[in-house]
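Take a look at the chain below. Keep the sequence beside it as you read.

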Amino acid sequence: MQRLVMDTPNFYIRKISGSRTWPIRHRVMYPEMSPESVILPQDREGIHFGLFLPDDRLIAVISLFEGENGHYQFRKFATESAEQGKGYGTALLTYIIDLCRCRNATRLWCNARISASAFYSRYGFTKTDITFSKDGHDFVIMERMF
């Protein structure tokens, strides 16, 4: 059985609606763009998770999309700027990795900002040869095989 909840004394992770991810996505990832720019057409098909502090404040989000042949993609992974560097992103990413493992995933991948690629490497993701630029940011596709 897959777990969709994680509780610790310092935070908890819960499944949330896609619309609850939008404000953090906007503030952290693309504040210079319109709020609508962070809404994905695929949000209805995704599974969205939020990391909350004990006071029920949502501070980090990630969206997971199932593809074919056991491939999963996570997108729009963001932690509030004031909360970055405190391990919350690590907890949320580790949760997604564990969830994919429980679902017998063969591959988990993302479009990583090149500036964040070292972070993903620490969790077993490797760079592919595919790079691109979008909305003023440079990306590389990174993947983790199971």
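This report covers aromatic rings, one helix, salt bridges and three single residues.

This is a predicted model, in which local features need pLDDT of at least 70, side-chain atom pairs count only at pLDDT 80 or more, and totals for chains, interfaces and linings use all residues. Residues are numbered from 1 along each chain as its sequence is written, and side-chain values use heavy atoms, with hydrogens and water left out.

## Aromatic rings

A pair of aromatic rings is described by the distance of the centres and the angle of the planes. Rings of Phe, Tyr and Trp (its six-membered ring) pair if their centres lie within 6.5 Å; planes under 30 degrees apart count as stacked, over 60 as edge-to-face and the rest as tilted. The structure holds 12 aromatic pairs.

One of them joins Phe49 and Tyr95. Their centres are 5.3 Å apart, with 65 degrees between the planes, and the pair is edge-to-face. This pair links distant parts of the chain, 46 residues apart: Phe49 is in strand β3 (residues 47-52) and Tyr95 is in helix α2 (residues 88-102). Helices (H or I, at least four residues) and strands (E, at least two) are DSSP runs, numbered from the N terminus.

Are these two rings buried or exposed? Buried means under 20% relative accessible area, exposed over 50%, and partly exposed in between (1.4 Å probe, protein chains only). Phe49 has 0% relative accessibility, so Phe49 counts as buried. Tyr95 is buried too, at 1%.

Phe74 and Phe125 make another pair. Their ring centres are 5.8 Å apart and their planes stand at 80 degrees, so this pair is edge-to-face. It links distant parts of the chain, 51 residues apart: Phe74 is in strand β5 (residues 71-79), and Phe125 is in the loop between α3 (117-121) and β7 (126-134). Phe74 is buried at 3% relative accessible area, and Phe125 is buried at 2%. Both belong to one aromatic cluster with Phe77, Phe119, Tyr120 and Tyr123.

Tyr30 has a charged partner. The charged end of Arg113 sits over the Tyr30 ring, 5.0 Å from its centre. Here "over" means that NZ of Lys or CZ of Arg is within 6 Å of the ring centre and within 35 degrees of the ring normal.

## Helix α1

Helix α1 spans residues 18-29, which is 12 residues. From first C-alpha to last, α1 reaches 16 Å, close to the 16 Å expected at 1.5 Å a residue. The expected span is 1.5 Å times one less than the number of residues.

Which residues of α1 are buried? They are Gly18, Thr21, Ile24, Arg25, His26 and Met29. Their cover includes β2 (12-16), β3, β4 (58-66), β5, β6 (107-113) and β8 (137-145).

Ser63 lies in strand β4. At 0% relative accessibility, Ser63 is buried. Contact means heavy atoms within 4.5 Å. Leaving aside neighbours within four places in sequence, Ser63 is in contact with Thr21, Arg25, Ile47, His48, Gln73, Phe74 and Arg75. The side chains of Ser63 and Arg25 are also joined by a polar contact of 2.8 Å. A polar contact is a pair of N or O atoms within 3.5 Å; within protein, one must be able to donate a hydrogen and the other to accept it, and residues adjacent in sequence count only if both atoms are side-chain atoms.

## Salt bridges

Side chains of opposite charge can pair when their charged atoms come close. A salt bridge is a side-chain nitrogen of Lys or Arg within 4 Å of a carboxyl oxygen of Asp or Glu. How many does the whole structure hold? The search finds 7 salt bridges, and the table includes some of them.

| Partners | N to O distance |
|---|---|
| Arg57 and Asp55 | 3.7 Å |
| Glu83 and Lys86 | 3.0 Å |
| Glu143 and Arg107 | 2.6 Å |

Glu143 lies in strand β8 and Arg107 in strand β6, so their bridge ties together parts that are 36 residues apart in sequence. Arg107 is buried at 15% relative accessibility. Asp55, Arg57, Glu83 and Lys86 are joined into one network by salt bridges that share partners. Within that network, Glu83 is buried at 9%, Arg57 is partly exposed at 39%, and Asp55 is exposed at 52%.

## Positive phi

Asn69 is a residue other than glycine with a positive phi, near 55 degrees. Asn69 lies in the loop between β4 and β5 and is exposed, at 65% relative accessible area. Lys76 also has a positive phi, near 50 degrees. Lys76 lies in strand β5 and is buried, at 16%.
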